[in-house]
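Notebook open, coffee poured. I want to look up how the pieces of this fold sit against each other and around the ligand.

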Amino acid sequence: MKRVLLTGAAGNLGKVVRVKLAGWADVMRLSDLNEITDAKAGEEVQCCDLGDKEAVMKLVEGCDGIIHLGGVSTENTFDSILNGNIVGTYNLYEAARKHGVKRILFASSNHTIGFHERDVTLDADSVMRPDCLYGVSKCYGEMLASLYYDKFGIETARVRIGSCFEKPLDRRMLATWLSADDFVSLTKRIFDCDRLGCPVIYAVSANNELWWDNTKVRYLGWEPKDSSAAFADEPYLQGRAADANDPAVRYQGGSFASAGHFED
Ligand SMILES: NC(=O)c1ccc[n+]([C@@H]2O[C@H](COP(=O)([O-])OP(=O)(O)OC[C@H]3O[C@@H](n4cnc5c(N)ncnc54)[C@H](O)[C@@H]3O)[C@@H](O)[C@H]2O)c1
């Protein structure tokens with residue numbers, strides 16, 4: 001890769017990608033709403049609001065791949081989601097089309113399917129059941145990617161990220177946990193493979209408890225190596241939930257499914 005754009009570069013995952021993918025592309029162009037002041041060799045900074053159409057058009061120019069992590073990453077007011085995730089993702093795909101970018105990793109979310117119950121195994125063809133407005137915005141991003149693939153041939157990996165943290169933060173994450181190394185190995189496969197298409201991929205480590213089946217993307221040859229089992233005995237993960245019918249326990253989206261609604 002010659003020049004890869006990384007949006008959301010100042011965020012949690014963006015910081016990890018910067019470190020673990022250092023040197024992978026000739027140049028990594030970093031962008032975020034927040035300032036980035038610590039660019040290293042092989043990095044260049046071009047910060048902007050994804051909602052700013054002209055700025056995003058300039059941002060994408062000269063890039064041959066995009067890792068799109070930027071945007072609102074949890075439930076929020078509709079207005080902020082509208083700017084970062086709806087308008088912002090549209091601006092990015094339009095810029096990719098005009099500048100001839102051929103491959104994108106779109107950071108989607110498990111909250112596109114969070115209102116499925118936990119005892120159902122989902123795959124790439126399961127219907128979307130978003131558990132919040134944030135989840136709806138990720139469904140929109142996935143559909144936008146589909147349109148730009150069918151109409152313009154831009155390949156996108158629609159990556160439904162589980163829970164990418166240093167370790168599972170609660171019992172739900174024993175099923176949804178994704179290690180940083182597994183995310184990075186997936187990112188490399190997405191840009192290295194000869195033919196990507198526009199698949200839905202569940203980004204989750206090889207946990208013992210799993211709700212998602214990636215059989216339909218076996219052709220990518222991605223094998224997660226880590227497992228949340230390494231943390232299963234941690235004291236803070238012991239003790240069964242009191243109520244099996246609590247929406248936070250019943251649904252795959254956990255507390256996103258049980259949380260109230262943000263009003264503007
Ligand atoms: N970390 C996870 O477990 C997880 C799970 C599911 C999905 N995701 C998705 O992966 C991506 C990265 O997640 P994260 O945990 O690093 O989130 P994060 O919130 O730490 O990072 C997102 C970054 O996007 C930037 N941003 C927000 N609005 C913007 C705008 N309008 N213009 C430009 N930049 C903007 C923020 O400043 C932030 O630095 C997000 O798209 C998130 O929805 C992450």
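My entries below go from the sheet to the helix pairs and then to the ligand shell.

**Ground rules.** I am working on a predicted model, where local features need pLDDT of at least 70, side-chain atom pairs count only at pLDDT 80 or more, and totals for chains, interfaces and linings use all residues. Residues are numbered from 1 along each chain as its sequence is written. My helices (H or I, at least four residues) and strands (E, at least two) are DSSP runs, numbered from the N terminus.

**Sheet.** I looked up the strand order and found seven strands in an open sheet, E3-E2-E1-E4-E5-E6-E7, with parallel pairing. I count two strands as paired if DSSP finds at least two bridges between them. At the edges I noted E3 (43–45) and E7 (200–203), each pairing on one side only. On average, neighbouring strands here are turned by 20° against each other, direction ignored.

I then picked one pair inside the sheet. E1 (residues 3–7) and E4 (residues 65–68) run parallel and are joined by four bridges. Leu 6 has Ile 67 in E4 as its bridge partner.

**H1 and H6.** Next I asked at what angle H1 and H6 pack. H1 (residues 12–20) and H6 (residues 180–192) pack at about 70°, and their axes are 10 Å apart. For this I use axes fitted as lines to C-alpha atoms, for helices over the stretch in contact, with angles from 0 to 180 degrees between N-to-C directions. That makes H1 roughly perpendicular to H6. My classes are roughly parallel under 35 degrees, roughly antiparallel over 145, roughly perpendicular from 65 to 115, and oblique for the rest.

The H1 and H6 crossing is right-handed, meaning the near helix is turned clockwise from the far one by less than a right angle, while anticlockwise would be left-handed. Leu 13, Val 16, Val 17 and Lys 20 of H1 meet Ala 180, Phe 183, Val 184 and Thr 187 of H6; contact requires C-beta atoms, placed from the backbone, within 7 Å. I sorted these residues into six nonpolar, one polar and one charged. Nonpolar covers Ala, Val, Leu, Ile, Met, Phe, Trp, Tyr, Cys and Pro, charged covers Asp, Glu, Lys and Arg, and the others, Gly among them, are polar.

**H2 and H3.** H2 (residues 53–60) packs on H3 (residues 78–99) at about 45°, with axes 9 Å apart. The two helices, H2 and H3, are therefore oblique to each other. Their crossing is right-handed. Contact residues include Val 56 and Met 57 of H2 and Leu 92 and Ala 95 of H3. The class split for H2 with H3 is seven nonpolar, two polar and two charged.

**H3 and H4.** H3 turns up again, packing with H4 (residues 133–152) at about 15°, axes 10 Å apart. H3 and H4 are therefore roughly parallel, and H3 passes H4 in a right-handed crossing.

**Ligand shell.** Which residues come nearest to the ligand? Of the 25 around it, I listed Gly 8, Gly 11, Leu 13, Ser 73 and Ala 107; a residue qualifies if its C-beta atom, placed from the backbone, lies within 6 Å. H1, H3 and E5 (103–109) are the elements giving two or more residues to this shell. By class, I tallied nine nonpolar, 14 polar and two charged.

Technical notes. Two residues are in contact if their C-beta atoms, placed from the backbone, lie within 7 Å.
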